[in-house]
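Please look at the structure below with its aromatic rings in mind, and follow how they meet one another and how charged side chains meet them.

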Amino acid sequence: MDILLNLFNDNIWFILLTVNYCLVIILSFFILLKNKNPVKTLSFLFALAVLPFLGLIVYYLFGQDYRKSKIFEKKYFLDNQKIKEWRNNFKLDCSEREDFEETYGEDIFKVYKLLKNNEKAVLTFDNNVDILRNGEEKFKRLFEDLDNAEIHIHIEYFVLFDDELGLKIINVLMDKAKAGLKVRLIYDDVGSKISNSVKRKMTKAGIEHYAFMPVLFSNSTGKLNYRDHRKIVVIDGKVGYVGGINMAQRYDNSYDNDRYWRDTHLRLQGGAVGSLQSSFLLNWNFASNNEVEIEQSFFPKSKPESEKPVAVQIAASGPDTDWANIMEAVFCAISSAKERIYITSPYFMPNDAILTALATAARSGIDVRVIVPYESDSWAAQYAGDSYIEYCLESGIKIYRYCKGFIHAKTLVIDNLFSTVGTANLDYRSFSINFEINAMIYNDGINSQLAEMFLDDLKECEEVELERWKNRGISRKLKESFSRLWAPLL
């Protein structure tokens, strides 16, 4: 026995390397059989071959296709009779389809059909849509709606801090729960910071709350996990919120923050709220590991009064969807543009498909403009995003860097009829890794408002000039190129 033990100790590295490369050989066959993008396939094979042990870890964290392995089990939710009844209420008949296609054109109609076919995304025509600029406007309206809640409050957020603003929200939720309302809360375990004492108070008050995909050492693993980046509030099934603004006081400029925060959010009433509700309930089943009983109050039949109702389609995307719904919808919308494409994104690291679509649009004479932060909240994201600027400028895309503070809005305006506001950035994580949700809006009035806000934001921007940009230092270019290698993980 001692001889075997000594032999093992003397050859431990050889044994470990042998085991590693046996696993690499087996894993390589599985990777090849997936027939994925050749560049991505070669990259993983290279990492496995030259990085013993580390290559296996990298592939485990980033190489698996969770869309195909189905993290979520949707069958119960989609088979639920109440969900089916609600969806059937919004099925378009032939006349509605023809009218919609005639009004918005065949190209934009493709966005609707894409999302309908991808995830049966419901298109509703009966919505009130309020665009909320910055946290000051959002939280004022949100507190009013929370105070008026009568039956239930459902909240799902990437960032919820127990700072001054967060505690104010949590206290309202606790008061409502004590008053008998059903309060359900999902918060991302990496993005949020809530002390154990506050969690105990929420539980005692009657709030049902769960961390989404809990991880250990969350401060160091924030970029290594599939995260719930969605921002959803549903109140009594009648009022919904979605957009870029998280629940922490740095998102509200009425607080004494170090930096001005520019963001965009939506307040919705109408059928689109039911789609937000559906998305929340699906994640609730997953986060709580408990199938919630669908109540009629989740999907009330009452419709809001509106002189000019807005057509809205909610698109959710993530490892729980068969397709990259938001990315495909954005690609489809960009490809349909004929006059203008206005994009605001705090993290601009587009994949090849989106980058090619934007460059092609710009070279064909379409007015393509992109607003990004002058200074990001992440140095790696800053350099990675900057690495795309030169190619964009050479293609005719106009790039503007927001100088007033940090711009965190995620908006897209196409021509005069289509626009989207939501949680998805124009980067790899939002398109392929994180759980995201966007409102796709088919309306000239909302399009006009968002376009005006975009042009107003340009006043606080510095336009990037190609010749000047080319002259930036070699050390900066090296940082950009190095950071770009990690763009899918940032």
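In this predicted model, a good place to begin is Arg-184, whose charged end sits over the ring of Trp-284, 6.0 Å from the ring's centre. A comparable arrangement involves a lysine, for the charged end of Lys-168 lies over the ring of Phe-143, at 4.7 Å from the centre of that ring.

From charges over rings we can turn to rings that pair with each other, of which the model has eleven pairs when centres within 6.5 Å are counted. One of them joins Phe-212 and Phe-286, whose ring centres are 5.6 Å apart and whose planes meet at 50 degrees, so this pair is classed as tilted. The two partners come from distant parts of the chain, since Phe-212 belongs to strand β4 (residues 208-212) and Phe-286 to helix α13 (residues 271-288), with their positions 74 residues apart. Phe-212 has a relative accessibility of 0% and therefore counts as buried, whereas Phe-286, with a relative accessible area of 27%, is partly exposed.

Another pair is made by Trp-261 and Phe-406, and here the geometry is edge-to-face, with 4.9 Å from centre to centre and 70 degrees between the planes. Because Trp-261 lies in strand β7 (residues 261-262) and Phe-406 in strand β14 (residues 406-407), this pair ties together parts of the chain that are 145 residues apart in sequence. Trp-261 is buried, with a relative accessible area of 6%, and Phe-406 is buried as well, with a value of 0%. These two residues also belong to one aromatic cluster, which they form together with Tyr-251 and Tyr-347.

Methods: Residues are numbered from 1 along each chain as its sequence is written. This is a predicted model: local features need pLDDT of at least 70, side-chain atom pairs count only at pLDDT 80 or more; totals for chains, interfaces and linings use all residues. Side-chain values use heavy atoms; hydrogens and water are left out. Rings of Phe, Tyr and Trp (its six-membered ring) pair if their centres lie within 6.5 Å; planes under 30 degrees apart count as stacked, over 60 as edge-to-face and the rest as tilted. Helices (H or I, at least four residues) and strands (E, at least two) are DSSP runs, numbered from the N terminus. Buried means under 20% relative accessible area, exposed over 50%, partly exposed in between (1.4 Å probe, protein chains only). A charge sits over a ring if NZ of Lys or CZ of Arg is within 6 Å of the ring centre and within 35 degrees of the ring normal.
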